[in-house]
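Visitor: I should like to understand how the terms used for a protein model are justified. May we look at one together and examine the reasoning step by step?

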Amino acid sequence: MSSVFESWGFTAAEAMLAGVATVSTDIDGPRSFIKNGVNGLLVPPGDSEQMGQAVLQLLEQPERRHQLARAGREHILRDYTMERFVADWEAVYCLRNQKQPQP
């Protein structure tokens, strides 16, 4: 994913869930769930040379590609479940609606 702006980066997350080794630009959205070298690769935005090198690295190193793909899929399945989504929203909603203690 070579975007220069993404609010979250659903395309990269969907690729990870599908078991595809993911290369993305190092921008706010994808950076929140892709850990460089752990479950995907991040490159500087606008740097087509590094993007190409990262993709070639994965093509030339199938074991590395498979390792990143497995780690990415496991990360999404573990940390981005519907249960977690609901719990996170509930926590935000409850915090926003708590009454402030009276002085």
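Visitor: Why does Ser 2 count as exposed?

Guide: The model is a predicted one. Ser 2 has a relative accessibility of 55%, and exposed means over 50%; therefore Ser 2 counts as exposed. Ser 2 is found in the segment before α1.

Visitor: Which residues is Ser 2 in contact with, leaving aside its neighbours within four places in sequence?

Guide: They are Thr 25 and Met 51. Contact requires heavy atoms within 4.5 Å. As for Arg 73, it is 71 residues from Ser 2 in sequence, and the two C-alpha atoms are 20 Å apart in space.

Visitor: What makes the pairing of Ser 3 and Glu 6 a polar contact?

Guide: The two side chains come to 2.7 Å, and the cut-off for a pair of N or O atoms is 3.5 Å. The value lies within the limit, so the term polar contact applies. Ser 3 also belongs to the segment before α1, and beyond its neighbours within four places in sequence it is in contact with Thr 25 and Ile 27.

Visitor: How do you know whether Val 4 is buried or exposed?

Guide: Its relative accessible area is 62%. Since exposed means over 50%, Val 4 is exposed. Val 4 is found in the segment before α1, and, its neighbours within four places in sequence left aside, it is in contact with Ile 27, Pro 45 and Gly 46. The C-alpha atoms of Val 4 and Cys 94 are separated by 34 Å, with their positions 90 residues apart along the chain.

Visitor: Why does Thr 22 count as buried?

Guide: Thr 22 has 5% relative accessibility, and buried means under 20%; therefore the word buried applies to Thr 22. Its place is in the loop between α1 (10-17) and β1 (23-25).

Visitor: Which residues is Thr 22 in contact with, and what does its side chain reach?

Guide: Leaving aside neighbours within four places in sequence, the contacts of Thr 22 are Ala 12, Ala 15, Met 16, Ile 34, Gly 40 and Leu 41. Its side chain reaches the backbone oxygen of Val 20 at 3.0 Å.

Visitor: What makes the meeting of Asp 26 and Arg 31 a salt bridge?

Guide: Side chains of opposite charge can pair when their charged atoms come close. For Asp 26 and Arg 31 the distance from N to O is 2.7 Å, and a salt bridge requires a distance within 4 Å; the pair therefore qualifies. Asp 26, at 30% relative accessible area, and Arg 31, at 37%, are each partly exposed, because these values lie between 20% and 50%.

Visitor: How many salt bridges does a search of the whole structure find?

Guide: The search finds 5 salt bridges. One of them joins Arg 70 and Glu 63 at 3.3 Å, N to O. Arg 70 is partly exposed at 44%, whereas Glu 63, at 53%, is exposed. Another joins Asp 79 and Arg 78 at 3.2 Å. Here Asp 79 is buried, at 17%, and Arg 78 counts as exposed, at 53%. In addition, salt bridges that share partners join Asp 26, Asp 28 and Arg 31 into one network.

Visitor: How do you know that the span of helix α4 agrees with its number of residues?

Guide: Helix α4 (residues 62-79) has 18 residues, and at 1.5 Å a residue it should span 26 Å. Its end C-alpha atoms are 25 Å apart, which agrees. Among the buried residues of α4 are Leu 68, Gly 72 and Ile 76.

Visitor: Why are Phe 85 and Val 86 called partly exposed?

Guide: Phe 85 has a relative accessible area of 46%, and Val 86 is at 47% relative accessibility. Partly exposed lies between 20% and 50%, so both residues receive that term. Phe 85 lies in helix α5 (residues 82-96), and the place of Val 86 is in helix α5 as well.

Visitor: Which residues make the nonpolar surface patch?

Guide: Met 82, Phe 85, Val 86, Trp 89 and Val 92 make the patch, which covers about 530 Å². The C-alpha atom of Val 86 is separated by 24 Å from that of Asn 39, 47 residues away along the chain.

Terms used: Residues are numbered from 1 along each chain as its sequence is written. This is a predicted model: local features need pLDDT of at least 70, side-chain atom pairs count only at pLDDT 80 or more; totals for chains, interfaces and linings use all residues. Side-chain values use heavy atoms; hydrogens and water are left out. Helices (H or I, at least four residues) and strands (E, at least two) are DSSP runs, numbered from the N terminus. The expected span of a helix is 1.5 Å times one less than its number of residues. Buried means under 20% relative accessible area, exposed over 50%, partly exposed in between (1.4 Å probe, protein chains only). Patches are made of residues with over 30% relative accessible area and no salt bridge: like charges are joined within 9 Å, nonpolar side chains (Val, Leu, Ile, Met, Phe, Trp, Tyr) within 5 Å. Accessible areas come from the Shrake-Rupley method with a 1.4 Å probe; for residues, only the protein chains shown count as cover. A salt bridge is a side-chain nitrogen of Lys or Arg within 4 Å of a carboxyl oxygen of Asp or Glu. A polar contact is a pair of N or O atoms within 3.5 Å; within protein, one must be able to donate a hydrogen and the other to accept it, and residues adjacent in sequence count only if both atoms are side-chain atoms.
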